[in-house]
Amino acid sequence: MDLVEYQGKQYFARYGLPISPGEAADTVAEAQAAAGRLGYPVVVKAQVQTGGRGKAGGVKLAANEAELTEHAGNILGLDIKGHIVRRLWIEKATDIAKEYYASFTLDRSAKLHLAMVSARGGVEIETVAEEDPEAIARLHVNPLDGLSMEAAAELVERAGLDPEAREGAAEILIKLYECYIDGDADLVEINPLVLTTDGEVRVLDAKVTLDDDAAFRHPEWAEMDIMSEATERERLAKSKGLSYIALDGSVGIIANGAGLAMSTVDVVSQVGGSAANFLDVGGAADVQVMANALEVINGDPSVRSILVNIFGGIVRCDDVARGIVKALEEVDISSQIVLRLDGTNAVEAHRIIDETASDKIISEGTMLSAARRAVELASVPGPEGGAK
Ligand code: GDP
Ligand code: MN
């Protein structure tokens with residue numbers, strides 16, 4: 001589960017990391033009120049689950065209310081890499097002397113944690129990583145040893161941080177590591193970590209990915225209201241016994257068996273589309289299971305078409321067909337369903353579907369043609385002429 005910046009900062013704050021005061025705002029009026037309380041100058045920041053907001057015009061300094069009103073108005077509704085901005089974070093502005101980078105993540109191949117620190121943080125970090133990888137100092141941390149103050153100090157020195165920033169940065173690394181470990185994060189990243197003109201080291205941006213499987217030992221996650229919409233759907237699916245993972249695309253996928261579900265995701269990409277989810281209904285795709293699966297996918301606002309790819313072995317295609325018909329009766333399914341049913345009782349299944357004569361269902365003979373059709377439907381603009 002990825003947190004947006006301000007949720008990440010609130011998470012950091014629990015572990016004592018120095019963040020600037022700020023408030024979330026969903027409207028220009030709320031932004032004005034927040035800035036009034038914080039005091040100008042402030043930074044207006046788009047809260048979307050993607051990086052590169054600064055370059056996309058989603059991070060702006062405002063010296064007074066007129067500037068704030070203009071920036072808040074412009075940034076709300078902005079499309080940043082397909083994410084529409086609905087929430088802002090208004091933060092007291094910092095006078096920056098230097099921008100650094102710091103992160104912890106899991107290095108799966110080394111089977112160790114990996115700390116990365118650079119003196120060249122900021123919006124160009126990707127370019128730095130590509131063109132001058134030496135500018136990023138790395139340190140593997142064995143979870144059994146943890147991170148000592150000495151190791152943190154050595155790392156920031158090796159990264160070339162300015163001498164006056166080193167102590168503050170090393171202290172931040174220790175807290176960040178604690179947040180990463182005790183907080184059950186898969187990634188914690190600060191970019192930029194700044195040295196202020198007053199000589200303080202502070203956290204100006206936060207990227208946090210939490211390990212969903214650790215949710216059971218973090219009741220505070222629910223309190224912090226950090227459950228994303230996709231996570232909520234994943235929970236609903238789990239409660240219905242479905243194995244569902246939300247993805248970024250627009251074609252909803254239902255298949256039986258993890259292998260077929262993965263292949264379906266691949267075939268959708270192969271024909272130029274992208275899957276909105278992975279959903280394996282397993283070996284018991286009966287009427288209720290199919291109805292549940294359609295209900296879960298129907299709840300995803302980014303789904304534009306649904307591809308049902310079932311190969312009947314033990315699963316009977318006629319049961320699947322009945323499930324779809326039942327779901328159509330019970331739930332108001334907003335997308336068209338492209339159906340590829342093959343295997344046990346497929347003939348009977350097609351008879352059931354034909355009898356229904358719903359214009360919501362389209363049958364296709366092969367997995368490839370079904371994927372093509374679903375991708376085609378997903379790329380047709382909706383009734384409002386855009387994403388739902
Ligand atoms: P990102 O582009 O999505 O990574 O968004 P960031 O939160 O990292 O902001 C992008 C850039 O905006 C930073 O690298 C800073 O240069 C600048 N920025 C962010 N906050 C402040 C601030 O408080 N004061 C100043 N002067 N610049 C800021
Ligand atoms: Mn950043």
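Q: In this predicted model, what distance does helix 6 reach from its first C-alpha to its last?
A: Let's start with what to expect: helix 6 covers residues 163-182, which makes 20 residues. At 1.5 Å a residue, the expected span is 28 Å. The model comes close to that, with a reach of 29 Å.

Q: Which tyrosines of helix 6 are buried?
A: Buried here stands for under 20% relative accessible area. Helix 6 has several residues that meet this cut-off, among them Ala165, Ile172, Leu173 and Cys179. The tyrosines on that list are Tyr177 and Tyr180.

Q: Which residue just after helix 6 takes a positive phi?
A: Helix 6 runs over residues 163-182, and the residue in question follows just after it. Its phi is about 55 degrees, and the residue is aspartate 184.

Q: Which strands each supply at least two residues of the shell around ligand 1?
A: Happily, the surroundings of ligand 1 are easy to list: 17 residues surround it, and the closest include Lys45, Arg53 and Glu99. The strands that each give at least two shell residues are strand 2 (42-46), strand 3 (59-62), strand 7 (96-107) and strand 10 (185-196).

Q: How much of the accessible area of ligand 1 does the protein cover?
A: Oxygen atoms of ligand 1 make polar contacts with the protein: one is 2.6 Å from a side-chain N or O atom of lysine 45, and one is 3.1 Å from a polar backbone atom of asparagine 191. A backbone N or O atom of glycine 52 lies 3.4 Å from an oxygen atom of the ligand. Of the 560 Å² that ligand 1 has on its own, the protein covers 84%.

Q: Which pocket does ligand 1 sit in?
A: The closest residues around ligand 1 also include Gly54 and Thr94. As for the pocket, ligand 1 sits in the second largest.

Key
Residues are numbered from 1 along each chain as its sequence is written. Chains are lettered from A and ligands numbered from 1 in the order in which they are written. This is a predicted model: local features need pLDDT of at least 70, side-chain atom pairs count only at pLDDT 80 or more; totals for chains, interfaces and linings use all residues. Side-chain values use heavy atoms; hydrogens and water are left out. Helices (H or I, at least four residues) and strands (E, at least two) are DSSP runs, numbered from the N terminus. The expected span of a helix is 1.5 Å times one less than its number of residues. Buried means under 20% relative accessible area, exposed over 50%, partly exposed in between (1.4 Å probe, protein chains only). A residue is near a molecule or strand if one of its heavy atoms lies within 4 Å of it. A polar contact is a pair of N or O atoms within 3.5 Å; within protein, one must be able to donate a hydrogen and the other to accept it, and residues adjacent in sequence count only if both atoms are side-chain atoms. Accessible areas come from the Shrake-Rupley method with a 1.4 Å probe; for residues, only the protein chains shown count as cover. On a 1 Å grid over the protein atoms alone, a cavity is a set of points where a 1.4 Å probe fits but cannot get out, and a pocket is an open set with protein on both sides within 12 Å along at least five of seven lines; lining residues have an atom within 4 Å of a point. A molecule sits in a cavity or pocket if more than half of its atoms lie within 2 Å of its grid points.
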